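User: I would like a close look at a single part of this model, a helix and whatever packs around it. Please set that part in the context of both chains.

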Amino acid sequence: MAPLDLTPGIASNLFNTGAERLALLGKYHKQLMQGYLDGYVDETAFSEGALKKLIAARILWRPDEQQPLALRPLVSELIASMVADENRRQINADVAEKLEQIRNRVQAYRDAQYKGDYAVAELQLQRLTEHVHDLSGQFEEAIDSLWHRLNSDFGFVSSLDDKIRENERAQKQLRRLLDGLDLLDFTELIELSEGNNHLRKLLVSQLQSQLSSHHSSLLEVQKRLVELLAKFRQQQSRSLLISNMVAFLRQHPKYQPADYPNRSELPDLFNQACAIRPQAAIALDKASERQILAELVRALPRQVAVTLSDTPSASFSELLQDEEIAARQLALKTDVENFYLRVIDRGGSLSALEYLTEQQLPWDSEIWLYQILAEYQALPVDEKQMFALANEEVKANYYNELMLIQDINITLQGYVNA
Amino acid sequence: MLQHGPLLERLLAGDFICRITDEDAYRHLSLEQTQQDINHYLRPLNRRLVSNDDQSVYFLGYYELSKEAREQLSQQFAQTVQSLLPLLEWLQLVQETLGRDSALTAGDTIKLQEFVLRTEDNQSLRQRLNTLASDRFFNSQSEQLDSQVKLIFRRLKEHGYLLQPHADRQYYIVTGKIDYLIDVIRFIRDEEHLPVEDTPQQEALL
């Protein structure tokens with residue numbers, strides 16, 4: 001930064017310049033943010049005057065003759081801190097320099113007081129306060145950044161290797177911060193503030209409590225970082241193990257490991273017992289539980305008794321009241337009986353439909369087949385065994401297994417056996 | 001012992017108990033006293049509690065290794081060896097398909113739909129899935145990606161590697177049995193001195 005003279009005469013001038021330049025940041029916020037993301041700014045997005053102003057305000061600079069214009073590192077850092085961009089955020093672990101500044105300011109403050117120049121002493125005290133806050137803020141910023149990285153699981157980098165590297169970097173930063181904290185010697189600060197209430201409050205009570213809370217935060221972060229690193233390494237080794245084992249097994253398809261289950265010392269991993277499934281049934285030996293069991297039984301859904309009508313096959317003709325139909329039915333029955341008698345006479349196999357046409361009977365072929373089946377079903381069991389029914393079937397449909405009976409061949413069983 | 005009834009039943013049925021499948025039961029099992037109680041109870045059944053090296057998953061083993069027990073274990077071991085390659089390939093496939101930077105571990109969630117969507121558009125992933133699905137372990141007869149994936153996940157659920165929290169929602173959680181699988185591989189590798197590395201090479205670190 002350009003050295004700035006702090007004499008009160010130009011303080012208002014300083015105020016104006018600062019305000020003007022800060023306004024530049026707001027005025028070109030979109031282009032500057034784009035520049036932050038791209039790493040360089042697009043010069044065509046600015047007018048020539050604007051570029052000059054931005055360079056004069058030390059917001060933009062040209063690192064090299066051949067290089068495009070870019071944001072000054074301090075501006076980039078400001079943005080990174082504002083948006084918690086862990087890829088770019090910087091941690092300043094330099095404590096020694098800050099301590100040196102604090103020492104100098106305390107000296108200047110005491111000198112001014114000694115000379116009785118209270119206005120200057122007041123200004124020095126204010127600067128000193130800033131430095132102390134700066135020191136504390138530096139740790140706060142660092143801790144915030146570390147927590148942010150931890151909580152996002154280092155999600156701002158994509159690969160596991162990068163995460164491991166980032167974690168290691170964070171651990172180094174943390175170690176430097178802890179070293180920095182060690183540099184702060186409170187006996188020295190107590191000596192510095194001796195005999196002055198303002199200084200004691202600022203340097204001892206306030207700073208001490210802040211730093212000790214930073215210290216415990218840092219230790220917590222460190223613990224978590226180490227744990228996370230162990231987890232990352234475990235994941236990494238697991239991925240490697242899997243891919244290398246797959247490669248090995250592919251190269252050796254016939255690979256067979258040793259027979260661990262039959263070793264005298266069986267490794268626990270392979271001692272996996274077969275399952276036992278405990279079964280239980282209702283027990284009636286406990287009188288006290290009968291009530292509950294009875295209720296359970298009562299609660300069972302009851303099956304509605306379906307009254308099945310008598311098999312209509314053999315006897316449905318008798319159910320019919322109409323004389324005419326009954327007569328036809330009887331005729332059909334007689335014809336079927338004759339058919340069976342014919343089967344017995346012939347001794348061989350006989351097709352039902354052939355018989356129907358041969359005898360020129362008036363029955364519909366479907367009715368005829370149905371009646372033959374019905375008559376067969378109605379026979380007593382031992383007589384049924386005398387006949388063998390062979391159905392000639394055709395699939396009704398391509399899509400299901402429904403079979404249609406086309407014809408029935410009846411053979412006299414006794415004949416075949418004989 | 002009554003309080004551990006359901007847990008005992010699961011263990012006897014051959015289930016692996018881990019933090020994911022049953023958190024309460026797992027916590028109980030981590031207590032030394034409970035372990036002793038359970039072992040005492042299981043003694044007449046010739047069973048005892050067994051866990052993997054880092055105690056992330058518990059299951060039952062034989063207390064005494066009778067001839068029958070050995071036979072059963074041999075059979076089981078043969079199945080385990082047979083399932084190694086398909087299981088590992090599945091792990092790899094999921095990791096690559098979902099663009100994860102690390103292998104699946106217990107507690108990871110897999111959305112079936114996401115897996116299908118990403119496989120659909122990628123010919124090489126599609127091809128690998130096809131080969132994997134027809135492996136004897138998964139044994140899919142289907143040519144359809146959707147039913148292949150469903151079958152694979154269902155089989156893994158049956159084997160206890162995955163947990164499906166809601167029967168009608170197609171997302172799965174990886175269980176601690178995966179840890180067991182990794183331990184088995186590590187064991188075999190160490191025993192047989194297989195040239196299978198699991199630490200990154202030096203140049204990878206630089």
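Analyst: Confidence comes first, as this is a predicted model. Among the elements of chain B, helix 9 (residues 202-205) has the lowest mean pLDDT, 47, and strand 6 (residues 171-174) has the highest, 92. Averaged over chain B, the pLDDT is 86, and 96% of the residues of this chain reach 70 or more. The corresponding mean for chain A is 82, with 92% of its residues at 70 or more. Within chain A, the element with the lowest mean pLDDT is helix 11 (residues 312-319), at 52, and the one with the highest is helix 3 (residues 48-56), at 89. Residues 1-5 of chain A have pLDDT below 50, and beyond near neighbours in sequence this stretch makes two contacts in the model. For the model as a whole, the scores are ipTM 0.84 and pTM 0.60.

The part to examine is helix 4 of chain B, which covers residues 67-97. This helix has 31 residues, and the distance from its first C-alpha to its last is 45 Å, close to the 45 Å expected at 1.5 Å a residue. Helix 4 of chain B nevertheless has a kink of about 40 degrees at Leu84(B), shortly before the proline Pro86(B). Pro86(B) is itself one of the buried residues of the helix. The others in that buried set are Leu73(B), Thr80(B), Leu87(B), Leu88(B), Glu89(B), Trp90(B) and Leu91(B). Just after the helix, Gly99(B) takes a positive phi of about 65 degrees.

What do the buried residues of helix 4 of chain B pack against? Within chain B, they pack against helix 6 (123-133), helix 7 (145-158) and helix 8 (177-192). They also pack against helix 9 of chain A, so the packing around this helix involves both chains.

That partner leads to the contact between the chains, which takes 38 residues from chain A and 46 residues from chain B. On the side of chain A that touches chain B, the elements giving two or more residues are helix 7 (160-183) and helix 9 (197-251) of chain A. Helix 9 of chain A gives the most to this side, with 14 residues. By residue type, the side of chain A that touches chain B divides into 21 nonpolar, twelve polar and five charged residues.

The rest of chain B gives the setting of helix 4. Chain B has nine helices and six strands, and 30% of its 206 residues are buried. Of the contacts in chain B between residues at least 6 apart in sequence, 52% join residues at least 24 apart. Three strands of chain B form an open antiparallel sheet in the order 1-3-2. Strand 1 (17-18) and strand 2 (47-51) of chain B are its edge strands, each pairing on one side only. Strand 2 of chain B pairs with strand 3 (residues 57-62) of chain B in the antiparallel sense over five bridges. In this sheet Arg47(B) stands opposite Tyr62(B), a residue of strand 3 of chain B.

Chain A, which supplies the partner helix, has 16 helices and five strands. Of its 418 residues, 17% count as buried. Among contacts in chain A between residues at least 6 apart in sequence, 57% join residues at least 24 apart.

Another helix, from chain A, can be set beside helix 4 of chain B. Helix 12 (residues 323-346) of chain A has 24 residues and reaches 34 Å from its first C-alpha to its last, close to the 34 Å expected at 1.5 Å a residue. Its buried residues are Leu332(A), Val336(A), Phe339(A) and Val343(A). The cover over these buried residues includes strand 3 (349-351), helix 13 (352-358), helix 14 (365-378) and strand 5 of chain A. Just after helix 12 of chain A, Gly347(A) takes a positive phi of about 85 degrees.

Strand 5 of chain A spans residues 403-412 and contains Leu404(A). Leu404(A) counts as exposed because 11 other C-beta atoms lie within 10 Å. Neighbours within four places in sequence aside, Leu404(A) is in contact with Glu393(A), Val394(A) and Ala396(A). The C-alpha atoms of Leu404(A) and Glu392(A) are separated by 8.3 Å, and the two residues are twelve apart along the chain.

How values were computed:
Residues numbered from 1 in each chain as written. Chains lettered and ligands numbered in written order. Predicted model: local features only at pLDDT ≥ 70, side-chain atom pairs only at ≥ 80, totals over all residues. Contact = placed C-beta atoms within 7 Å. Helix = DSSP H or I, 4+ residues; strand = E, 2+ residues; numbered from the N terminus. Nonpolar A, V, L, I, M, F, W, Y, C, P; charged D, E, K, R; others polar. Expected span 1.5 Å × (residues − 1). Bend = angle between axes of the 7 residues up to and from the residue. Buried ≥ 20, exposed ≤ 12 C-beta atoms within 10 Å, placed from the backbone. pLDDT = per-residue confidence, 0-100. Pairing = 2+ DSSP bridges.
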